[in-house]
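Please look through the sequence and turn the structure slowly before reading on. The paragraphs below explain what can be said about its fold, step by step.

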Amino acid sequence: MMNFYFYIYIFIFFIGCFMFISNRKHLLSMLLCLEYIVLSLFMLLYMYLLMMSYEFYILLIFLVFSVCEGALGLSILVSMIRTHGNDYFQSFNMLC
């Protein structure tokens, strides 16, 4: 039964990766796709650690890094909106 959940979470991970690749218009939607991918990786890691009966300390470290990644992404979003007025990638010039 555990293998069935692994397949579901792997499918969720690939759906999140596909949405991240295909949805490149707004920075906020890309950040949401990244958080979706992190959530699926968290569930995969939890299922793996539960099945192998390891300790769950690595999950706490993973959550700390994912929260830091989310805070960094939101700060980049706020900075981009303040300087350019929107979060469109088409209006953002990488050379400036």
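What follows moves from the whole chain to one helix, and then to a few of its residues.

Keep in mind from the start that this is a predicted model. The chain contains 3 helices and 0 strands, and when the elements are read from the N terminus on, their order is α-α-α. Of the 96 residues in the chain, 23% count as buried, while the accessible surface comes to about 7,200 Å², with 75% of that area belonging to carbon and sulfur atoms. If we take the contacts in the chain with a separation of 6 or more, 56% of them are made by residues 24 or more positions apart.

A database record can be set beside this picture. In an unreviewed entry, UniProt lists residues 6-23, 30-50 and 56-81 under "transmembrane region". In the model, residues 30-50 are 100% helix and 0% strand, and the C-alpha atoms at the ends of this span are 30 Å apart. Residues 56-81 are 96% helix and 0% strand, with end C-alpha atoms that lie 38 Å apart.

Helix α2, which covers residues 27-52, lets us check a length by simple reasoning: at 1.5 Å a residue its 26 residues should span 38 Å, and because its end C-alpha atoms are 37 Å apart, the expected and the computed values agree. After α2 comes S53, whose phi is positive, near 50 degrees.

Which residues in α2 are buried? They are L27, S29, M30, L31, C33, I37, V38, S40, F42, L44, M47 and L49. In thinking about such a list, it helps to recall that an α-helix has 3.6 residues a turn, so residues three or four places apart point the same way. L39 is also found in helix α2, but its relative accessibility is 52%, and therefore L39 counts as exposed, given that exposed means over 50%. The C-alpha atom of L39 is separated by 8.6 Å from that of F13, although these two residues are 26 residues apart along the chain.

The cysteines offer a last piece of reasoning. A disulfide is a covalent bond between the sulfur atoms of two cysteines, and a search of the whole structure finds 0 disulfides. Why does C33 form no such bond? The cysteine sulfur closest to that of C33 belongs to C17 and is 9.6 Å away, which is too far for a bond. C33 counts as buried because its relative accessibility is 10%, whereas C68, at 46% relative accessibility, counts as partly exposed.

Methods:
Residues are numbered from 1 along each chain as its sequence is written. This is a predicted model: local features need pLDDT of at least 70, side-chain atom pairs count only at pLDDT 80 or more; totals for chains, interfaces and linings use all residues. Side-chain values use heavy atoms; hydrogens and water are left out. Helices (H or I, at least four residues) and strands (E, at least two) are DSSP runs, numbered from the N terminus. The expected span of a helix is 1.5 Å times one less than its number of residues. Buried means under 20% relative accessible area, exposed over 50%, partly exposed in between (1.4 Å probe, protein chains only). Contact means heavy atoms within 4.5 Å. Accessible areas come from the Shrake-Rupley method with a 1.4 Å probe; for residues, only the protein chains shown count as cover. UniProt positions are given in the numbering used here, feature names are shortened, and annotations may be inferred rather than shown by experiment. A disulfide is a pair of cysteine sulfur atoms within 2.5 Å.
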